[in-house]
Amino acid sequence: MPNSINFFNTGKELQISDSLFGIVEDRLARVSLDTNETWDAIVKNDSYLDLTFSPIDHVLDLRLVNGQVAKKTDAMLYILTRLLILVELKAEDNPFAFYTDANKQLKQTIDFMKINNSQELGAFLYKFAYIANRVRPTNHSIRESHTKTFYKLTGFLLQVVKDTPNNVINIDELLEPPI
């Protein structure tokens, strides 16, 4: 695996501080401000924090040791040293398939981040991995044991976004310290 991969300097980063925006996956994940468009995930940013959005899939060439293209997550949102959110977008009817596929993509992405950007990754206070399935966002709940195992393996808190009727990622809530 090459050491020249930088998840935080892909050339595709976008700064955004809007209070509400969508993430859409065409071929490449992108931000949308068009409320008439169907959003795969919705980001609420009520504090208008300066976020960086960066697509990962179809931007970074991540390869496994055997040369195969690695499964990777669609995008990430971050505030340097504070908050990192990996976002995997799905449009899957089968609730178990979407979870299994997304979980693998998130884990492989995190593995590459640990190898190539361990210093930057270690500086974040909060790290989340989100799975958003726009077809059936409320169909799958994660067992607590799955989230604990995912956290032990990756250092990221796993969330399946299932706010009805939309897949909402609430930035302000993620930055509130637990009581």
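Glu 37 has a relative accessibility of 25%, so this residue counts as partly exposed. The structure is a predicted model, and this report deals with salt bridges in it.

Side chains of opposite charge can pair when their charged atoms come close. In this model the count comes to 5 salt bridges. Three of them are listed here, including the distance between the closest N and O atoms where Glu 37 or Lys 72 takes part.

| Salt bridge | N to O distance |
|---|---|
| Arg 30 and Asp 26 | 2.6 Å |
| Arg 30 and Glu 37 | 2.4 Å |
| Lys 72 and Asp 57 | 3.9 Å |

**The network at Arg 30**

Which residues are linked with Arg 30 in a network of salt bridges? They are Asp 26 and Glu 37. Arg 30 pairs with Asp 26 and also with Glu 37. Arg 30 has a relative accessibility of 28%, and because buried means under 20% and exposed over 50%, Arg 30 counts as partly exposed. Asp 26, at 48%, is partly exposed by this rule too, and so is Glu 37, at 25%.

**The pair Lys 72 and Asp 57**

Lys 72 forms a salt bridge with Asp 57. Both residues lie in the loop between β5 (51–55) and β6 (75–79), so the pair ties together parts that are 15 residues apart in sequence. Are Lys 72 and Asp 57 buried or exposed? Lys 72 is buried, and Asp 57 is buried as well. Arg 30, in contrast, is partly exposed.

Terms used: Residues numbered from 1 in each chain as written. Predicted model: local features only at pLDDT ≥ 70, side-chain atom pairs only at ≥ 80, totals over all residues. Heavy atoms only, no water. Salt bridge = Lys/Arg side-chain N within 4 Å of Asp/Glu carboxyl O. Buried < 20%, exposed > 50% of the residue type's maximum accessible area, 1.4 Å probe, protein only. Helix = DSSP H or I, 4+ residues; strand = E, 2+ residues; numbered from the N terminus.
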